[in-house]
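Trainee: I am new to this structure and would be grateful for a close look at one part of it, namely the interior. Please explain each term as it arises.

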Amino acid sequence: MTNEQKQLVKATVPVLREHGVLLTTHFYNRMFQHNPELKNMFNMGNQQNSKQQTALAMAVLAYAENIEDPSVLLPVVGNIGHKHTSLDIRPEHYTIVGNHLIASIQEVLGEAASPELVDAWTIAYQQLALLMSGHEQGLYKKHTEQKGGWTGWRPFVVKQKVVESAEITSFYLYPADNGSVENHLPGQYISLRLFLPELQLLQPRQYSISSAPNGQYYRISVKREAGSPYPDGMISNRLHDYINPGDMVDLSAPAGTFVLNVASDSPKVFISGGVGQTPLLSMFEDLTSNKNINVPITWVHGCRNEEVHAFKDKINEITAVISNINQHIFYEQVKEEQNDKYEGWVDLEVLKDSILESETEYYICGPAPFIKKHYNFLIENGVQKSVIYFEEFGPASLQLN
């Protein structure tokens with residue numbers, strides 16, 4: 001890009017800040033009208049609740065703001081690349097997206113979209129597409145090089161369906177070809193694809209792997225979304241209501257950058273809310289698979305009450321035999337006999353004397369407000385950003401690190 005073209009792109013930053021979601025909403029409507037087959041690749045729940053439009057608007061804005069040095073966006077590129085490979089997005093899809101994005105810029109900006117501005121954004125998008133697709137090809141290559149690895153969609157059989165609580169059920173997924181599976185990094189997710197009769201579409205969803213790596217199967221632990229009006233809830237509820245042992249689902253290979261730092265022996269503090277414990281369970285099980293573990297672990301979890309508290313017996317069993325694990329459970333509704341539980345939402349203030357130690361690593365997962373609250377608490381108490389790891393379910397909206 002020429003310097004003039006970069007300045008043209010940067011000049012659109014104020015417009016993107018104010019009207020970015022309008023642009024991305026127009027873009028998605030346009031793309032699905034002209035290429036309806038792509039609805040099978042996109043989470044239509046996130047289209048209905050506008051999360052995807054907002055996430056894309058933020059990404060386009062960040063790219064425009066940093067057009068002179070896109071390298072600062074590499075961490076974001078990494079996260080998006082993992083999401084894209086989990087959805088089997090390929091270079092040819094970038095061409096389709098690019099055509100609709102440039103057309104949307106012209107249609108939304110109208111007369112303000114000069115030929116020079118359109119040319120500048122066309123070149124900017126082409127550079128971004130090359131950067132993204134090149135990164136993703138590297139990720140696909142890594143999968144094919146690993147034992148049990150694959151790209152695209154692979155059929156898996158549900159061999160066990162285990163009720164973990166009043167809301168959460170686990171599914172044990174084994175490859176239909178009886179082969180091995182790629183060992184995921186603790187904390188990663190897989191994409192699962194089902195046909196959704198209500199929409200007459202295939203729909204992919206990401207679910208954290210809740211088991212330790214084992215080379216044989218993946219376990220996902222899914223919350224029933226009672227009363228959800230979005231297709232997101234339809235997929236989770238379809239798993240609960242219709243998918244049983246012997247049924248088949250399609251999976252893509254493990255993905256995600258929210259992973260356990262296995263190279264470090266630093267103390268670990270896991271902080272979760274509700275079903276947000278699932279990626280942390282994989283980390284916890286992996287760490288504690290060696291009963292001689294000497295890494296201090298603190299498990300902090302909050303949920304509504306004991307009935308919806310999944311995996312409590314599993315955590316209690318492990319805690320009972322490994323001395324350097326401390327567990328702190330918060331229930332919004334506490335029974336009188338539960339004297340060992342904190343009442344209310346997770347409050348790190350009451351734990352600060354035991355969790356705010358030097359060289360400790362913190363892993364947080366839950367709804368966006370939950371993450372933001374505890375991330376800010378740690379920062380305010382002197383914890384360095386570099387040792388705080390978090391994952392927000394759904395399209396990224398938090399800008400914390």
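**The interior and its surroundings**

Mentor: Of the contacts in the protein with a separation of 6 or more, 73% join residues 24 or more positions apart; contact here means heavy atoms within 4.5 Å. The model is predicted, and local features need pLDDT of at least 70, side-chain atom pairs count only at pLDDT 80 or more, and totals for chains, interfaces and linings use all residues. Residues are numbered from 1 along each chain as its sequence is written, and side-chain values use heavy atoms, with hydrogens and water left out.

Let us begin with the whole. The protein has twelve helices and twelve strands; these are DSSP runs numbered from the N terminus, helices being H or I of at least four residues and strands E of at least two. The C-alpha atoms fill a box of roughly 70 × 50 × 40 Å along the principal axes. The radius of gyration is 22 Å, which agrees with the value near 21 Å for a compact globule of 401 residues; the radius is taken over C-alpha atoms, and the globule rule is 2.2 Å times the number of residues to the power 0.38. Of the 401 residues, 51% are buried, a term that means under 20% relative accessible area, while exposed means over 50% and partly exposed lies in between (1.4 Å probe, protein chains only). The protein exposes about 18800 Å², and carbon and sulfur atoms supply 51% of that area; accessible areas come from the Shrake-Rupley method with a 1.4 Å probe, and for residues only the protein chains shown count as cover.

We may now turn to the interior itself. In soluble globular proteins, nonpolar side chains tend to be buried together. A nonpolar core is a set of buried Ala, Val, Leu, Ile, Met, Phe, Trp, Tyr and Cys residues joined through side-chain atoms within 4.5 Å. The largest such core has 26 residues, and those that touch the most other members are F270, L280, M283, F284, I297, W299 and Y363. Two or more residues come from each of α9 (277-288), β8 (297-303), α10 (312-321), β9 (325-331) and β11 (361-366). The largest share, five residues, is given by α9. Leaving aside neighbours within four places in sequence, I297 is in contact with K268, F270, F284, L287, T288, N324, I325 and N326. A second, separate core holds 21 residues, including F171, Y218, I243 and L251.

Strand β9, one of the contributors to the largest core, also contains H328. H328 is buried, because its relative accessible area is 13%. Residues up to four places away in sequence not counted, H328 touches T298, W299, V300, H301, Y342, L351 and S354.

Two further buried residues deserve a close look. I220 lies in strand β5 (residues 218-223). I220 counts as buried because its relative accessible area is 1%. Not counting residues up to four places away in sequence, I220 touches T169, S170, F171, L173, I190, L192, Y207, S208 and S210. I220 and S208 are twelve residues apart along the chain, and their C-alpha atoms are separated by 6.2 Å.

I235, in turn, lies in helix α8 (residues 231-242). Its relative accessible area is 0%, so I235 is buried. With residues up to four places away in sequence not counted, I235 touches L194, L196, Q203, R205 and Y207. The C-alpha atoms of I235 and L196, 39 residues apart along the chain, are separated by 7.2 Å. Y207 is thus touched by I220 and by I235.

The outer positions offer a contrast. N178 lies in the loop between β2 (168-175) and β3 (189-196). N178 has a relative accessible area of 68% and is therefore exposed. Its phi is positive, about 65 degrees, although N178 is not a glycine. E359, in the loop between α11 (352-355) and β11, likewise has a positive phi of about 65 degrees and is not a glycine. E359 counts as exposed because its relative accessibility is 64%. Between these classes stands K372, found in helix α12 (residues 368-380). With 43% relative accessibility, K372 counts as partly exposed.
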